[in-house]
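Here is a quick tour of a protein model, written for someone who likes angles and volumes. Have a look at the fold, then read on.

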Amino acid sequence: MNSHSATDDLHLLTRLLPSHIKSALARQEPAELLEIILDLGRPPQARYVHAAIDLSGHPVNREDLGAVVRAVGEFGADNRAGIEGTLHRVSAIRNRRGDIIGLTLRVGRAVSGTIDLIRDLIESGKSTLLLGRPGVGKTTKLREVARVLADDFGKRVVIVDTSNEIAGDGDIPHPAVGGARRMMVAAPDRQHAVMIEAVENHMPEVIVVDEIGTLGEAMAARTIAERGVQLIGTAHGNTLDNLVSNPTLSDLVGGVQTVILGDDEARLRGTQKTISERKAAPTFDAVVEIVSRGEVIVHPDAARAVDNLLRGHPARGVRRFLSDSDEEDGDSAAEPWPADTGPEPRAFPAQGDRPVRVYAYALSRDSVDRAIRDLRLQARTVKFPDQAELVLTLRAREDDPKLSRLVDRSRVGVHGVKKNTTAQIRSLLASLFNIAHGQDQAEVDDMVRETERAVREVKAGGVKAELDPRPSTLRRIQHRIVTRHGLVAESVGVEPERRLVIYPV
């Protein structure tokens with residue numbers, strides 16, 4: 001899946017815009033466009049995967065909004081409207097009188113090949129739940145799942161389409177869902193009823209549903225799963241941890257109940273007498289955390305993953321990734337987190353045998369502790385910054401005056417993550433500690449020494465340096481080391497001779 005085939009009919013969305021906004025948008029790159037924002041009294045804005053661009057110096061007025069509203073037609077009870085025959089969505093923001101004062105024109109794309117990382121789960125017949133933040137591609141994957149199961153495997157697939165986001169607007173489903181059938185939902189609070197109706201009336205083998213978010217929908221999902229129907233859905237929440245902690249939706253992965261143990265049983269388990277346990281079998285057999293468009297964490301056995309979390313252990317998902325960027329090297333792989341028994345904890349570079357002391361600034365200390373346990377690092381968190389050798393924080397807080405004063409006094413390294421999530425903290429720590437699962441430790445250490453030596457040579461001599469060929473997992477670490485030193489690198493050659501070239505800046 002180095003390249004995906006994508007169709008978006010973008011011209012059908014942009015034709016809704018006033019001419020001066022449309023012409024400004026035409027000068028921008030359309031490939032990565034996510035949405036167009038029109039807010040009253042503010043400049044129109046185009047939002048991309050990694051940036052937002054103002055399209056005009058003139059603020060949006062009521063005439064601009066009115067032109068789009070008249071072109072798109074009537075909005076539903078969920079303040080959404082669509083364009084017939086497309087996957088695009090227009091959402092409205094209203095004031096207290098009900099007048100529209102803002103519009104979000106969301107680009108909908110059909111992307112073939114987007115489920116390659118989880119295709120084995122889908123083909124196995126497992127009910128699979130997709131988790132991830134908004135805009136990460138959950139609905140795009142649902143659309144492709146429906147097409148693959150209906151066309152490639154000839155299954156009876158029914159899509160429960162609450163806002164016509166999966167199969168597009170209009171009475172005829174978009175070609176992107178293939179031969180899957182679509183049931184519309186008159187109002188969002190009717191989704192659970194339509195889910196049950198689909199099973200009772202249309203004999204599906206697979207039901208695809210987006211945004212399970214209420215107790216009624218969670219119960220409907222359980223009913224569907226108990227009838228032997230494969231269920232593919234998404235839910236509100238970024239990670240499995242979030243879902244287990246959500247009292248409304250935790251039933252999707254078995255639910256949580258409090259159990260009081262007897263004295264002997266508590267001693268035998270080595271726990272307190274009051275513990276949390278999974279209440280029932282999960283509705284979904286597998287859970288997929290979508291980290292980004294080219295990276296997922298797969299929990300193929302949801303019951304086991306939840307049990308691990310409730311016992312205070314890492315869920316131990318399998319990281320799968322695929323990226324076209326040089327930083328990720330364009331290589332795909334599956335990277336499992338350590339099992340119960342694994343290698344000895346890694347030492348932070350140049351720190352000897354003692355644990356590295358880590359201070360979490362504006363981050364959840366529990367999340368940092370969990371990431372350290374997941375990776376089996378020789379490290380521990382500390383309560384006070386003057387005890388630390390390494391500071392982790394949010395990128396948005398790296399310039400805080402208080403943090404600057406702390407760093408100036410202690411001269412420790414500061415490293416930031418974009419969001420306060422266990423997955424991002426874990427990824428950062430893996431990079432800092434040069435973690436490469438499945439690789440011989442001697443080879444990892446040799447690679448680090450070679451890369452650091454080449455970086456010094458490039459900085460001193462101002463000439464490029466070519467490294468020895470390495471596996472893709474080690475090349476990713478090399479990219480991170482080079483980036484930390486403020487240099488750039490690219491991968492050249494073909495396997496098994498693919499290698500890094502470092503360039504001076």
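First, a word on naming: helices (H or I, at least four residues) and strands (E, at least two) are DSSP runs, numbered from the N terminus. With that in hand, Asn164 sits in the loop between β10 (157–161) and β11 (181–184). Keep in mind that this is a predicted model.

Asn164 is a good place to start. Its phi is positive, about 55 degrees, although Asn164 is not a glycine. Asn164 also turns up in the lining of the second largest pocket, where Gly76, Arg80, Ser163, Asn164 and Asp169 lie nearest the centre. That pocket holds about 350 Å³ of space, and 19 residues line it. Which element gives the largest share of the lining? Strand β5 (residues 80–82) does, with three residues. By class, the lining splits into seven nonpolar, six polar and six charged residues.

Another backbone detail is at Pro496, in the loop between β25 (488–492) and β26 (499–503). The peptide bond joining Glu495 and Pro496 is cis, with omega at about 0 degrees.

Now for helix packing. Two pairs are worth setting side by side:

| Helix pair | Axis distance | Angle | Handedness |
|---|---|---|---|
| α6 (residues 191–202) and α7 (residues 215–226) | 8 Å | about 15 degrees | left-handed |
| α11 (residues 365–375) and α13 (residues 422–432) | within 9 Å | roughly 55 degrees | right-handed |

How are α6 and α7 oriented to each other? Angles under 35 degrees count as roughly parallel, and α6 and α7 are therefore roughly parallel to each other. On the α6 side, the contact uses Gln191, His192, Met195, Ile196 and Val199, which meet Gly216, Glu217, Ala220, Ala221, Thr223 and Ile224 of α7. Sorted by class, the residues of this contact are six nonpolar, four polar and one charged.

The other pair, α11 and α13, is oblique, because its crossing angle of roughly 55 degrees falls outside the parallel, antiparallel and perpendicular ranges. Here Ser367, Val368, Arg370, Ala371, Ile372, Asp374 and Leu375 from α11 meet Thr422, Ile425, Arg426, Leu429 and Ala430 from α13. The residues in the contact of α11 with α13 come out as seven nonpolar, two polar and three charged.

Technical notes. Residues are numbered from 1 along each chain as its sequence is written. This is a predicted model: local features need pLDDT of at least 70, side-chain atom pairs count only at pLDDT 80 or more; totals for chains, interfaces and linings use all residues. Side-chain values use heavy atoms; hydrogens and water are left out. Axes are lines fitted to C-alpha atoms, for helices over the stretch in contact, and angles run from 0 to 180 degrees between N-to-C directions. Angles under 35 degrees count as roughly parallel, over 145 as roughly antiparallel, 65 to 115 as roughly perpendicular and the rest as oblique. A crossing is left-handed if the near helix is turned anticlockwise from the far one by less than a right angle, and right-handed if clockwise. Contact means heavy atoms within 4.5 Å. Ala, Val, Leu, Ile, Met, Phe, Trp, Tyr, Cys and Pro count as nonpolar, Asp, Glu, Lys and Arg as charged, and the others, Gly among them, as polar. On a 1 Å grid over the protein atoms alone, a cavity is a set of points where a 1.4 Å probe fits but cannot get out, and a pocket is an open set with protein on both sides within 12 Å along at least five of seven lines; lining residues have an atom within 4 Å of a point. Grid points are joined across faces, edges and corners, and a volume is the space filled by probe spheres set on the points.
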